[in-house]
Every structure is written in C-alpha cells, then in structure tokens.
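Let's take a friendly walk through a protein and the molecule it holds. Have a look at the structure below, and then we will go through it part by part.

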Amino acid sequence: MAFDHTRRTMGADTEASRRGFLKGTGGIAMAAAAGGSIAFADRAPAGFVGSALAQTPAAADKGPKVLKMDGKAELTLLGDKPLVAETPAHLMDDEVTPTEKLFIRNNGNMPDAAALAADPKAWKIKIDGEVNAPMEIALGDLMAKFQPVTYRLMLECGGNGRSQFTPEARGNQWTTGGAGCPEWTGVRLGDVLKAAGLKSSAVYTAHYGADVHLSGDATKPTISRGVRLAKAMDEHTLIAFKLNGKDLPALHGGPVRLIVPGWAGSASHKWLTRIWIRDKEHDGPGMTGFSYRVPKTPPVPGGKVEEANMAVLEAMPVRSVITSPSHGTRLASGARKIEVRGQAWAGESAIRAVDVSIDYGATWIKAEVKAPANKYAWQRFVASVELPSAGYYEVWSRATDSAGVVQPFQAGNWNPQGYGANAVTRVAVLAQA
Ligand SMILES: Nc1nc2c(c(=O)[nH]1)N[C@H]1C(S)=C(S)[C@@H](COP(=O)(O)O)O[C@H]1N2
Ligand SMILES: [Mo]
C-alpha cells in the first residue's frame, strides 16, 4: 500500500474524506492488516479515522516526486522551475539541520554560474538609501571588518503548512518541510547598518539579489522583500556566508545571503547584492497585494479578501513536526512502545510545551522539551508512549509557545496565498498483533 507522505494534516484530511477515500485503500485496509482494529476509533471525529493514510487527491496520485541532486538528500520536489523542494518530516530529525537536508526555495533562476564561480571575496554588497555613508563593500572586507558570529537559526518558508488550507490556497503545497535549523555564520546586519550610519528617517530595509527573474528580464527582481528596522538590528539577523561551518553553497544563496530568523524565509535574501534603507514600508515584489501578507481580521475561507485588510507577514507561527516514528511506520509484531520525537519552534517565541496524543486529542501526554541552543533555534521534544493494544493509531503533536499560543486542530485565518497554516500534525502508526 502506498503511504501518503504529503497530506496528513486535518485540513487536508477533511478534503480527502469528502472525496470518499476512506472507502477505498487508506486506513481501512491498514486496519484490516492490523486485525480489524482501529485504536480509539470511538474518540475520533466522524469520518476521520484512518484518513491520514488516505490516498492523496489529484496531481500527487503517483506519490510525491523526489529530488535527485548531488549533495542533497531525497527531498520532496514541489516544483522544478523555479526549484522548490521540502524536507520530509522524518528527515527533520537532526538537532542541527545538515545542509543536504535543508529545503530549497527559489523564486527565479539561480544567478549566472560565471558570477558565482568568480572570487567570492570580491562579491560586492551595496548599502544605500537612508544612511549617512552609503557603501559598497566586498565580502572579503565585510568578513575582515565585522565580528563574525555563529548561531543555529530557523529558516522557514512563509508558505510552510500551506497544504493544510481548505479551500486550497495558491502556491507550492508545502506540508511541514519548508523549514530547517542549520548553523549559520555571518556578521550582524545591525553592525553593518550602524557603520553606514542610519538616518532618523530609516524605518525599513529592502533586499536585492543576483538571481534572475523567470521571464529573463534582467531589470526585474525575482523578489525583493524587507523588514522593519528593529528586526534588521536584532543581534541574530545576519549577513551570512557560512552554512554548517562551510562556505555557503550557491544553492542556498552563496556566497552571501541574509538570515532573518523566525520570520518568513523570503526576507532572508539569497545572493545578496544590495540593502536599500527606506523611509517607509518596502513595496518591492513580494511586499504588496496578497504576497507574504496575512489578514488582520479572519476572512471567510475562499471568499473575497480586501487588500486593505492585509498586513505584512512577519514572524512565523508556533509549529511542531513529528520526526520519529515516520508516517506509516509498522511496528514489529507485539511491539507497543514508541518514542515520539520531533522539533518545535515558534517565530519570535520559544516553546513552552509540546503535547502528544494517540487518541485523537481526547487525552494528551506531556513531551520533554529541550531548551533552544540560542534564540530562534528549534527545540527538540521527546515523549515515551505505550500503545495499549494492536491496531491503527494516529500520533499527534501540538506545541504551545511562550505566549501561550497553541497549534490549532485546523489551519485558521485562511488567506489567498496560504500563509501561516500551523495545524496539529499527525503520523499513522500500525501496532501489529
Ligand atoms: N534572491 C533570492 N532570495 C531568496 C529567494 C529567492 O527566490 N531569491 N527565496 C526566498 C524564500 S521564499 C525562502 S523560503 C528562502 C529559502 O532559502 P533556501 O533556498 O536556502 O532554503 O530564501 C529566500 N531568499
Ligand atoms: Mo519562502
């Protein structure tokens, strides 16, 4: 039987069950294999049982496409022009995300290979706009003049979780793998901006890079986002040139990129060439309309949304991902003990708690949550769980952030381009007699 590795959150399952997949293969066949029992079926919402294993509708009928690329793990390919690939949950198990397991999100074509192959130390970054001393600094000088720092920092695509929305939102149908927490080395953007001398009129950054618009039009930026000055000045916001101790690979924005941790990944500009300091909110491609913007008050899902009701997406919401057991695990015959393990993080906040359920949320088991390595690093959680009998189970994880915000059961605050979906995630596990 084919496991569905792409849709296993509640929003998506509602859709799957509507389409009648429960009558087909999915959970029922799984339960039959388990001797007919679905553990805690009485606690599950009607029409819900087994749906985590229902077949993926439509395009993904043949199962998820797998990225085949030197130096990268088998990520799930969401698109190849531009290249977009996410990390399957079971590959998010490392405390520090190895480079080969880090997701990829390009909006355009990678910069010219010749430009990237040239001396990286000669790569230039311009700082201009609302500064007293505009500068153009070579990467080599940047490295020599400013103090390097190393942190583990979350990079998460603004669209992460998008596939949870019903009705479907526009864009790459990320499950939960548009996120990673590798170790980044760079200089603080704030130090560089201080050296350039910020004017009192400075309120926002605008980022530009060397990648090429899909149309081939060299005058068009692929994307150009920015952040409020306070975030730019945060000590964890970096102009980064190393990833996991090695020179930043071209695929991830090398030789140099921004890392704006905890906020929508689109602010973490790759192949960085210019930071324009502005006297108002930036309005480049990716800043206006429905792009990287979320409703201030929740609209009717799928209904008309007023542009005036949209505000810039900044910090990402609280989320947890179960990295082990992997979705579709069949335990050895008679085995009943599982260690539920995963990562949890929450944009600007820390994680206060992660709870795990094996009975459709009727009862919860407190997981042990590790302290973060530093601010903006994800936190590992572990819970030892004993399954009471053979049968088909769904294991859920639900994180609570330091402000008390909890992952919802269904993605809320629907928006046209699908940002901020952070529903409880689930994996199916079969305990065999
Ligand atoms: N120049 C440039 N920077 C970019 C992008 C891009 O297309 N071009 N994509 C952004 C988006 S949407 C995300 S989520 C992250 C992804 O970084 P990664 O590919 O290293 O994982 O880079 C951001 N920086
Ligand atoms: Mo993104």
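## Around ligand 1

In this predicted model, a backbone N or O atom of serine 268 lies 3.0 Å from a nitrogen atom of ligand 1. Aspartate 211 also faces a nitrogen atom of ligand 1, but with a polar side-chain atom, at 2.6 Å. For arginine 105, a backbone N or O atom is 2.9 Å from an oxygen atom of the ligand.

How many residues surround ligand 1? There are 19, and the closest are Phe103, Asn107, Asp211, Arg257 and Lys270.

## Cavities

Try looking for enclosed spaces next. The model has four cavities of 30 Å³ or more, and the largest has a volume of about 260 Å³. Its lining is made of 19 residues, and those nearest the centre are Arg105, Gly265, Ser266, Ser268 and Lys270.

What classes of residue line the largest cavity? Seven are nonpolar, eight are polar and four are charged. You have met some of these names already: Lys270 is among the residues closest to ligand 1, and Ser268 has a backbone atom 3.0 Å from a ligand nitrogen.

## Strand 12 and its partners

Now find strand 12, which covers residues 238–243. Is this strand mostly covered or mostly open? Five of its six residues are buried, so strand 12 is mostly covered.Strand 12 has several antiparallel partners. Strand 10 (residues 183–188) is joined to strand 12 by five bridges, with arginine 188 standing opposite leucine 238. Strand 14 (residues 257–259) pairs with strand 12 over three bridges, and here isoleucine 239 has leucine 258 as its bridge partner. Strand 13 pairs with strand 12 over two bridges, where lysine 242 is matched with aspartate 247.

## A hairpin turn and positive phi angles

Strands 12 and 13 form a hairpin with two residues between them. Asparagine 244 sits in that turn and has a positive phi of about 50 degrees. Why take note of this? Most residues other than glycine have a negative phi. With 24% relative accessibility, asparagine 244 counts as partly exposed.

Tyrosine 292 also has a positive phi, of about 45 degrees, although it is not a glycine. You will find tyrosine 292 in the loop between strand 15 (272–278) and strand 16 (293–295). Is tyrosine 292 buried or exposed? Its relative accessible area is 8%, so tyrosine 292 is buried.

## A four-stranded sheet

Earlier in the chain, four strands make an open sheet with the order 1-2-3-4 and antiparallel pairing. Its edge strands, each pairing on one side only, are strand 1 (65–66) and strand 4 (104–105). Strands 1 and 2 pair over two bridges, and valine 66 stands opposite threonine 76 of strand 2.

## Two cis peptide bonds

Most peptide bonds are trans. Which residues does a cis bond join in the loop between strands 2 and 3? Lysine 81 and proline 82 are joined this way, with omega about 0 degrees, and proline 82 is in the loop between strand 2 (76–80) and strand 3 (83–86).

Another cis bond runs from serine 324 to proline 325, with omega near 0 degrees. Proline 325 is located in the loop between strand 18 (318–324) and strand 19 (329–330).

Notes. Residues numbered from 1 in each chain as written. Chains lettered and ligands numbered in written order. Predicted model: local features only at pLDDT ≥ 70, side-chain atom pairs only at ≥ 80, totals over all residues. Heavy atoms only, no water. Buried < 20%, exposed > 50% of the residue type's maximum accessible area, 1.4 Å probe, protein only. Pairing = 2+ DSSP bridges. 1 Å grid on protein atoms, 1.4 Å probe; cavity = no way out; pocket = protein on both sides within 12 Å on 5 of 7 lines; lining within 4 Å. Points joined across faces, edges and corners; volume = space filled by probe spheres on them. Nonpolar A, V, L, I, M, F, W, Y, C, P; charged D, E, K, R; others polar. Near = heavy atom within 4 Å. Polar contact = N/O pair within 3.5 Å; in protein donor to acceptor, adjacent residues only side chain to side chain.
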